[in-house]
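Subject: Structure for you to look at

Hi,

Here is the structure I promised you. Please open it first, then read my notes below.

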Number of protein chains: 2
Amino acid sequence: MHTIGRVSEMFGLPISTLRYYDKEGLFPSLQRRSGIRQFGETEIEALRVIECLKASGLEIKDIKRFMQLCAEGPSTYAQRRKMFEARKAAVEAEMCRLQKTLDMLSFKCWYYETAIEDGSEDRLKSMIPDGLPVEIKRLYDNARS
Amino acid sequence: MHTIGRVSEMFGLPISTLRYYDKEGLFPSLQRRSGIRQFGETEIEALRVIECLKASGLEIKDIKRFMQLCAEGPSTYAQRRKMFEARKAAVEAEMCRLQKTLDMLSFKCWYYETAIEDGSEDRLKSMIPDGLPVEIKRLYDNARS
DNA sequence: ATAACACATGAACTTAACTTTAGGTCAAGT
DNA sequence: ACTTGACCTAAAGTTAAGTTCATGTGTTAT
């Protein structure tokens with residue numbers, strides 16, 4: 001069993017955050033001894049899942065829902081699995097979005113490299129047909145390949 | 001030149017958001033005619049960059065800073081390039097983080113698939129040495145390869 | 001003329017996820 | 001005895017990025 005201070009160090013999370021999570025119902029089976037929280041293996045594992053679900057973009061109230069499912073036992077396995085499948089899909093979608101963002105950022109890096117070499121954006125701008133960065137991006141991609 | 005309503009449709013952004021962006025200084029050279037905003041090609045391109053920088057996780061106040069650099073002319077090319085390089089690095093880091101999250105989510109999907117097949121988590125839990133999902137994840141990865 | 005519409009403003013409101021503050025308990029060391 | 005340190009609570013404050021509201025203006029269709 002760990003105290004809140006130890007758990008705080010273990011996870012690099014402020015104590016206030018752990019108390020906040022508890023208040024929000026993220027540790028449904030957290031025990032106390034004379035008012036003091038006793039973080040057991042259940043809560044440690046819960047925190048690992050919380051970190052994962054948070055990183056996946058899930059809100060606290062939905063993480064709470066998941067923790068409740070866990071507390072309800074084997075009858076909720078299917079629901080829990082579905083939840084993870086949904087999170088997986090969400091993260092995959094986010095990664096696609098970020099890849100597109102990354103492409104645009106790479107293009108912009110190239111754009112300013114070129115502008116610095118040229119000393120102006122004139123040549124670059126003359127390459128753009130009618131304010132269509134999608135098109136110039138294609139030019140850029142072709143130039144790279 | 002476009003009205004705020006047209007731009008709203010073009011980008012799928014609420015009018016209130018466009019006004020908010022303007023108020024925050026994201027269109028430093030936006031013109032008006034008798035009080036009404038005139039969105040020109042400059043602002044349209046600005047919005048494309050805004051969407052990109054927002055997707056990269058940049059805050060509005062820092063996007064404003066970038067737009068100000070743009071309005072200052074060629075002397076800020078180097079700063080602008082540096083900003084895009086930094087954004088690129090941030091997005092790459094975020095994608096790494098998401099990849100790790102995805103790995104954990106995939107593991108959890110497999111975990112619950114297995115738990116459903118088994119009808120309980122008993123076998124799975126007996127595979128875990130001492131509450132270390134990192135270890136079981138390694139077992140899982142080995143099983144996959 | 002009057003109604004409808006798209007535009008405008010400033011100020012207040014919203015939401016999520018914390019953080020901070022103010023005050024209190026309790027055990028251990030000096 | 002007293003101070004220190006780790007724990008506790010409830011309530012208020014914070015921040016970002018908008019959204020909503022109340023109110024007003026100006027142009028166009030009936």
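Start with the two chains. This is a predicted model. Chain A superposes on chain B after a rotation of 180 degrees, with 0.0 Å of shift along the axis. The RMSD is 0.1 Å. That is how a two-fold axis relates two copies. Which C-alpha of chain A is nearest the axis? It belongs to A:Met95, 3.2 Å away from the axis. Both copies use the same surface: of the contact residues of chain A, 100% recur in chain B.

Now look inside chain A. The domain assignment gives domain 1 (1-72) and domain 2 (83-145). Seven residues of domain 1 of chain A are in contact with four residues of domain 2 of chain A.

How is the size of an interface often given? As the accessible area lost when the parts come together. Between domain 1 and domain 2 of chain A, about 540 Å² is buried. Carbon and sulfur atoms give 83% of that area. On the domain 1 side, A:Ser56, A:Leu58 and A:Phe66 supply 65% of the area buried against domain 2 of chain A. No other three residues supply more.

What about polar links? Zero salt bridges are found across this interface of chain A. One residue pair is in polar contact between the two domains.

Finally, the domain 1 side that touches domain 2 in chain A. Helix H3 (41-55) and helix H4 (60-71) of chain A are the elements that each give two or more residues to that side. Its residues divide into four nonpolar, two polar and one charged.

Best wishes

Terms used:
Residues are numbered from 1 along each chain as its sequence is written. Chains are lettered from A and ligands numbered from 1 in the order in which they are written. This is a predicted model: local features need pLDDT of at least 70, side-chain atom pairs count only at pLDDT 80 or more; totals for chains, interfaces and linings use all residues. Side-chain values use heavy atoms; hydrogens and water are left out. Copies are superposed by least squares on the C-alpha atoms of residues with pLDDT of at least 70 in both. Contact means heavy atoms within 4.5 Å. Domain bounds come from an automatic or database domain assignment. Buried area is the accessible area (1.4 Å probe) that two parts lose on being put together, summed over both. A salt bridge is a side-chain nitrogen of Lys or Arg within 4 Å of a carboxyl oxygen of Asp or Glu. A polar contact is a pair of N or O atoms within 3.5 Å; within protein, one must be able to donate a hydrogen and the other to accept it, and residues adjacent in sequence count only if both atoms are side-chain atoms. Helices (H or I, at least four residues) and strands (E, at least two) are DSSP runs, numbered from the N terminus. Ala, Val, Leu, Ile, Met, Phe, Trp, Tyr, Cys and Pro count as nonpolar, Asp, Glu, Lys and Arg as charged, and the others, Gly among them, as polar.
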